[in-house]
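Subject: The structure we talked about

Hi there,

Here is the structure I promised to send over. Have a look first, and then read on for what turned up in it.

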Amino acid sequence: MTTEYEQARLTRLRKLDLLDTPSSESFDRITRMASQLFDLPIAAVSLTDQDRQWFKSRVGVEHWEIPREKACCGEVADTANVLVVNDLLASDTYKNSLLAESGIRFYAGAPLMTRDGFSLGAMCVLGTEPREVSEKELAALQDLSTMVMSQIELQHTVGRVDSGTGLPNYLQFVEDLEDLARDYPDETYYALSTELIDLSEASTLQRVMGPSYLEDLSLAGSELMQEVLGENKRIYHIGPGQFAYIEVGPAERVLEQAQQLHQALLDIRLKNASPFMLRPVIGVAPFQLGVNQPGNILRIAHSASRDARTDECAVGWYNKETDMNHQRRFGLIANFADALEADDQLHLVYQPRLDAVSGKCLGAEALLRWNHSTLGAISPAEFVPLVEKTPLARGLTDWVLRQAIRQAGKWQREGHLLTVSVNIAAANLEEDGFCERLQRYLKAEQLPLTAIELELTESSLMNNSRAARRQLECIADSGLTLSIDDFGTGYSSLAYLQNIPAQIVKIDRSFIDGLEDKDRNQTLVRSMISMTHDLGYRVVAEGVETEEAYKILQSLSCDEVQGYWFARPLPINDFDNWISTRQQ
């Protein structure tokens, strides 16, 4: 019959998340020391479970557990006292025990005591010959048991356990996988990453519901997961509303279990109500111990959960191709800083802009190209959107502006009065002194303000921060030309046109593509040109690729055109040759 003390002791033991966990070098080190100090072949950190002795660490024994019945460590746990059995065969209690039958003759064990007085098991040493033990040796054994408890407390309280849920955290996850890899190299497992909410909405949740909301949700989620997966399943709390655990077995069973867990998580309750913005997903990633590093294992499991959220499904299976694409993108961001400093990776090409009526070249759009040192040519459609979301956006624009202004100065000195348009990012409007710096660059090349035109997308122009408004006001007051790029794609309301200090609208190529065959597009483009003209804007059509589209734009009174029908983006020398031929 289980006593109240025994039930409380077992509760303390299980809350420490030690049972059925991989061996750990931090404990193995103590066990080896015990074996050496006593000059005995067997030593163990033995934890007393309800009906078994389970070895967290062991030297000289192959098995992980033995029955608790007639186990010497069981007596240590029951009495919380040091136990020495000089000869098991001479003991009425243990002469018929499993240990004695397996050839063990000597046992000494010191209790593993918690601070609140519960014995978790024993630090024990065993031998195959009868033996006496000295007071000095007993003191050493007790010191070793204290060291084991210090290690247990250290892992549980310092950096290894999440205080809110009581679950082991990411650091413990990494350590456990390292330990597993030592014991079971080359084994295949599955890492499962569970997100209770969309992490991109975490800051909104904290702002609306308060920081305690995510803590309460994580606690409720952890308790439900433990209930569904079983009390022996080791679950890790990785971050706000984020959990991980490890599975073995057939993939079909792992997926089925994940589906069942997802269904259960939909029923989480907080104060008898459904949690706000609860949207659980689970990612499953197979991995091989000794091949995949622990940090990478969690990363690929998280990647699978993000794919599940993107695909709007309950459970996502790790997709290597998708993951490699993500890694490539972040690799490009990491490499772009070096590209800005290199002399041979970045260069500009220029696509002519022509008067729609006369066909005269009025300017050119400066477009960035990147020849990566190992990957070769990288499409700007791939790297520019990535870089623009990082602090490197400022360096990117500054590099382009310097090169474009230098080239505009060269053309002006050669008698080509061309306006060079440059794309800038929303981040540039957040820079202190961006407008003033641009004017200094123009002054250094002795260029008029009309030599450069700044292109911003609609979404960038809708930045309502004080710094952005200040920069837009400076651009307007200085006389610099501003154009709205990709017009018609970025914002649902046209009200902003009343307040933006722009002079030019560039109709997005998606409206020009197939213009000659699509009556609906013609109607839209006609309306855009008419409306923006009425508001005082000059209109440029991008993506003109056929003569028929060009003629339609002329008939609609479009002001300027740009596209492959006239010229592709050209390197400097090719552009100079093109414009000379055009003039002739």
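Two strands pair if DSSP finds at least two bridges between them. With that in hand, and bearing in mind that this is a predicted model, let me start with the strands.

**Strand 12 and its partners**

Strand 12 and strand 13 (residues 361-372) make a hairpin with five residues between them. In the turn of that hairpin, Gly359 has a positive phi of about 80 degrees. The two strands run antiparallel and share nine bridges, and Pro352 stands opposite Ala364 of strand 13. Strand 12 also pairs in the antiparallel sense with strand 20 (residues 560-562), this time over two bridges. There, Asp355 has Glu560 as its bridge partner. How enclosed is strand 12 by the rest of the structure? Nine of its 10 residues (346-355) are buried, so strand 12 is largely enclosed.

**Salt bridges**

The structure holds 35 salt bridges. One of them joins the side chains of Arg52 and Glu65, at 2.8 Å from N to O. This pair links distant parts of the chain, with Arg52 in strand 2 (residues 52-59) and Glu65 in strand 3 (residues 65-67), 13 residues apart. Arg52 is buried at 11% relative accessibility, whereas Glu65 is partly exposed at 39%.

Another joins Lys506 and Glu455, whose closest N and O atoms are 2.8 Å apart. Here too the pair links distant parts of the chain: Lys506 sits in strand 18 (residues 504-507) and Glu455 in strand 16 (residues 452-457), 51 residues apart. Are these two residues buried or exposed? Lys506 counts as buried because its relative accessibility is 0%, and Glu455 is buried as well, with a relative accessible area of 1%. Salt bridges that share partners place both of them in one network with Arg353, Asp355, Glu365, Glu453, Arg538, Glu542 and Glu560. You will recognise Asp355 and Glu560 from above, where they were bridge partners.

**A buried acid without a salt bridge**

Asp576 lies in helix 20 (residues 572-583). Which side chain of opposite charge is nearest to Asp576? That is Lys410, 4.2 Å away, and Asp576 has no salt bridge although it is buried. The reason lies in the cut-off: a salt bridge needs the nitrogen within 4 Å of a carboxyl oxygen. Lys410 does form a salt bridge with Glu414, at 2.7 Å from N to O. Lys410 is partly exposed at 33% relative accessible area, and Glu414 is partly exposed at 42%. Leaving aside neighbours within four places in sequence, Asp576 is in contact with Lys410 and Trp411.

**Aromatic rings**

Trp411 comes up again here, as ring pairs link it with Tyr350, Phe575 and Trp578 into a cluster. The count of aromatic pairs comes to 13. In one of them, the ring centres of Tyr189 and Phe287 are 6.0 Å apart and the planes are at 20 degrees, so the pair is stacked. Tyr189 belongs to strand 7 (residues 188-195) and Phe287 to strand 10 (residues 281-288), so this pair ties together parts that are 98 residues apart in sequence. Both residues are buried.

In another, Tyr190 and Trp317 have ring centres 5.8 Å apart and planes at 55 degrees, so this pair is tilted. Tyr190 is in strand 7 and Trp317 in strand 11 (residues 315-317), so the pair ties together parts 127 residues apart in sequence. Tyr190 is buried, with a relative accessible area of 10%, while Trp317 is partly exposed at 35%.

There are also charges over rings. The charged end of Arg58 sits over the ring of Trp64, 3.7 Å from its centre, and that of Arg131 sits over the ring of Phe106, 5.6 Å from its centre.

**Two more buried residues**

Leu461 is in helix 15 (residues 458-461) and is buried, with a relative accessible area of 3%. Beyond its neighbours within four places in sequence, Leu461 is in contact with Leu456, Leu472, Leu482, Ile484 and Ile500.

Gln172, in helix 6 (residues 170-183), also counts as buried, at 3% relative accessibility. With the same neighbours in sequence left out, the contacts of Gln172 are Gln155, Arg160, Arg234 and Tyr236.

Happy browsing, and best wishes!

How values were computed
Residues numbered from 1 in each chain as written. Predicted model: local features only at pLDDT ≥ 70, side-chain atom pairs only at ≥ 80, totals over all residues. Heavy atoms only, no water. Helix = DSSP H or I, 4+ residues; strand = E, 2+ residues; numbered from the N terminus. Buried < 20%, exposed > 50% of the residue type's maximum accessible area, 1.4 Å probe, protein only. Lys, Arg positive; Asp, Glu negative; His and termini not counted. Contact = heavy atoms within 4.5 Å. Phe/Tyr/Trp six-rings, centres within 6.5 Å; stacked < 30°, edge-to-face > 60°. Lys NZ or Arg CZ within 6 Å of the ring centre and 35° of its normal.
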